Amino acid sequence: MHLPKKGIRVLGIAESYTGRVRSTLAGVVMRKDLRIDGFAFGQVTVGGMDATGTVDRMIRDLGRQDINAVMLSGCVIAWFNVMDPAGIAEAAGLPVVCVTYEDSDGLAGDIRHHFPGDRLRAEAYDRLGERTPVCLGPGATVYIRSFGISGDDAAVLCRDFTHEGKIPEPLRVARLCARRASSFFDGLPEDECRGSPVP
């Protein structure tokens, strides 16, 4: 990936979690000049383990060959629905950067408390590894995990796509889209709430 390139495109994926049975994901394709040129939507099960499959489907259904990287707003969403970013990177053939916004001791204890005996979920979380702090500007630090890309390049990517504050722009816009889309998805039957691209 050639980071200085102006036309570099990132797919940012974020959720709108409202504590219901399903949580809405939105994906926004954004160029380095912050122009938007694509959207995708999907649903995951609150407390499930289907987030990886949903993200895979959103990427695949977009059918884009010009996306250079994927940004995820968190690797653990929708009440401990743990993603496999390494698997997403391998399936898509794209680097994946997972971005979170608060320092913490991690979620391993919470997962074991809420899902006792769920070895697969606990192991999926352990495989995520440690987060690396990245300073995006004064008072703006995020915590990243990178897959298929070096930590240094992932940090540059986050800085290049952050207009202000501490949320990279593809993730900020994706979060806004997910919030709005969640009201639409809430009225659909279960089998219609799959990842679906919007031209």
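**Exercise 1. Helix α4**

Find the exposed residues on the face of α4 that is turned away from its buried side, then describe how the buried residues are arranged around the axis.

*Solution.* Step 1: Arg119, Leu120 and Arg127 are the exposed residues on the face turned away from the buried side of α4. The model is predicted: local features need pLDDT of at least 70 and side-chain atom pairs pLDDT 80 or more, while totals for chains, interfaces and linings use all residues. Residues are numbered from 1 along each chain as its sequence is written, and side-chain values use heavy atoms, without hydrogens and water. Helices (H or I, at least four residues) and strands (E, at least two) are DSSP runs, numbered from the N terminus. Buried means under 20% relative accessible area, exposed over 50%, and partly exposed in between, with a 1.4 Å probe and protein chains only.

Step 2: within residues 119-127, Arg121, Ala122, Ala124 and Tyr125 are buried. Their arc spans 160 degrees when seen down the axis, so these residues line one face of α4. The arc is taken from the directions from the helix axis to the C-beta atoms.

Step 3: the buried residues of α4 pack against β5 (76-77), β6 (81-82), α3 (108-114) and β9. Contact here means heavy atoms within 4.5 Å. After α4 comes Gly129, with a positive phi near 80 degrees.

**Exercise 2. Helix α5 and the largest nonpolar core**

Which residues of α5 are buried, and which residues of the largest nonpolar core touch the most other members?

*Solution.* Step 1: Ala154, Ala155, Leu157 and Cys158 are buried in α5 (residues 151-160). They lie on the same side of α5, because their arc around the axis is only 160 degrees. The cover over the buried residues includes β1 (9-16), β4 (69-73), β7 (96-100), β8 and β9.

Step 2: a nonpolar core is a set of buried Ala, Val, Leu, Ile, Met, Phe, Trp, Tyr and Cys residues joined through side-chain atoms within 4.5 Å. The largest one has 29 residues, and Met71, Val97, Val99, Ile144 and Leu157 touch the most other members. At least two residues of this core come from each of β1, β2 (22-31), β4, β7, β8, β9, α5 and α6 (169-185). The most, six residues, come from α6.

Step 3: leaving out residues up to four places away in sequence, Met71 touches Val10, Leu11, Gly12, Ile13, Val97, Leu157, Cys158, Phe161, Pro168 and Leu171. A second, separate core has 23 residues, among them Ala40, Val46, Ile88 and Leu94.

**Exercise 3. Strands β1, β2 and β3**

Trace the pairing of β2 with β1 and with β3, and place Gln43 in it.

*Solution.* Step 1: two strands pair if DSSP finds at least two bridges between them. β1 and β2 are antiparallel, with eight bridges, and Leu11 has Val29 as its bridge partner in β2. Their hairpin leaves five residues between the strands, and Gly19 in the turn has a positive phi of about 85 degrees.

Step 2: β2 and β3 are also antiparallel, with nine bridges. Four residues separate the strands of this hairpin, where Leu34 in the turn has a positive phi of about 75 degrees. β2 is largely enclosed by the rest of the structure, because nine of its 10 residues are buried.

Step 3: Gln43 belongs to β3 (residues 36-45) and stands opposite Thr24. Gln43 counts as buried because its relative accessible area is 5%. Its side chain makes polar contacts with those of Arg22 at 2.9 Å and Thr24 at 2.5 Å. A polar contact is a pair of N or O atoms within 3.5 Å; within protein, one must be able to donate a hydrogen and the other to accept it, and residues adjacent in sequence count only if both atoms are side-chain atoms.

**Exercise 4. The β8–β9 hairpin**

Is Pro138 buried or exposed, and how are β8 and β9 joined?

*Solution.* Step 1: five bridges link the antiparallel strands β8 (residues 132-137) and β9 (residues 140-147). Pro133 is opposite Tyr143 in β9.

Step 2: the hairpin has two residues between its strands, and Gly139 in the turn has a positive phi of about 70 degrees. Pro138 is in the loop between β8 and β9. Pro138 is exposed because its relative accessibility is 86%.

Step 3: Pro138 and Gly165 are 27 residues apart in sequence, with a C-alpha to C-alpha distance of 8.9 Å.
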